[in-house]
Amino acid sequence: MSFYSNAPDNMAVIMDCGDLEVLYGAASEEGYEKLMEVMEGIGEPI
């Protein structure tokens, strides 16, 4: 499991358990919007 953060209020977690899974979120609406600019369209929702 790897943790990545590009701002103090958002984070992405990457888990490799056979299938690669990414979980991401933010503590504020502004942080969420910035994160979505980068993450939107990557992969499939679970």
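**Close-up views of a predicted β-β-β-α model**

**View 1. Strands S2 and S3 pair in an antiparallel hairpin.** Strand S2 spans residues 10-17 and strand S3 spans residues 19-26. Eight bridges join the two strands. One of the paired positions is Ala12 in S2, and Tyr24 is its bridge partner in S3. A single residue lies between the strands of this hairpin. Gly18 takes a positive phi there, near 95 degrees. The model shown here, as in every view, is predicted.

**View 2. The whole chain holds three strands and one helix.** Along the sequence, the order is β-β-β-α. The protein has 46 residues, and 17% of them are buried. Its accessible surface comes to about 3900 Å². Carbon and sulfur atoms account for 55% of that surface. Among contacts with a separation of 6 or more, 5% link residues 24 or more positions apart.

**View 3. Confidence varies along the model, from a low in S1 to a high in H1.** The mean pLDDT of the protein is 78. A value of 70 or more is reached by 87% of the residues. Strand S1, residues 2-7, has the lowest confidence, with a mean of 72. Helix H1 has the highest, with a mean of 83.

**View 4. Helix H1 has a buried side.** The helix runs over residues 29-39. Gly31, Leu35, Met36 and Met39 are its buried residues. They lie on the same side of H1, because they cover an arc of only 135 degrees around the axis. Residues three or four places apart point the same way, because an α-helix has 3.6 residues a turn. Strands S2 and S3 are included in what covers the buried residues of H1.

**View 5. Met39 in H1 contacts Val22 and Tyr24.** Is Met39 buried or exposed? Met39 is buried, because its relative accessibility is 13%, below the 20% cut-off. The contacts with Val22 and Tyr24 leave aside neighbours of Met39 within four places in sequence. Tyr24 is also the S3 bridge partner of Ala12. Met39 and Ala12 are 27 residues apart in sequence. Their C-alpha atoms are 9.2 Å apart in space.

**View 6. Glu29, Glu30 and Glu37 occupy the face of H1 turned away from its buried side.** Each of these three residues is exposed. For Glu30, the relative accessibility is 53%, so Glu30 passes the 50% cut-off for exposed residues.

**View 7. Lys34 and Glu30 form a salt bridge.** How many salt bridges does the structure hold? It holds one. The side chains of Lys34 and Glu30 meet at 3.5 Å, N to O. Side chains of opposite charge can pair when their charged atoms come close. Both residues belong to helix H1. They are four residues apart, so about one helical turn separates them. Lys34 has 48% relative accessibility and therefore counts as partly exposed. Glu30, at 53%, counts as exposed.

**View 8. Gly41 follows helix H1.** What sign does its phi take? The phi of Gly41 is positive, near 85 degrees. Gly18, in the hairpin of S2 and S3, also has a positive phi, near 95 degrees.

Key: Residues are numbered from 1 along each chain as its sequence is written. This is a predicted model: local features need pLDDT of at least 70, side-chain atom pairs count only at pLDDT 80 or more; totals for chains, interfaces and linings use all residues. Side-chain values use heavy atoms; hydrogens and water are left out. Buried means under 20% relative accessible area, exposed over 50%, partly exposed in between (1.4 Å probe, protein chains only). Contact means heavy atoms within 4.5 Å. Accessible areas come from the Shrake-Rupley method with a 1.4 Å probe; for residues, only the protein chains shown count as cover. Two strands pair if DSSP finds at least two bridges between them. pLDDT is the predictor's confidence in each residue, from 0 to 100. A salt bridge is a side-chain nitrogen of Lys or Arg within 4 Å of a carboxyl oxygen of Asp or Glu. The arc is that of the directions from the helix axis to the C-beta atoms.
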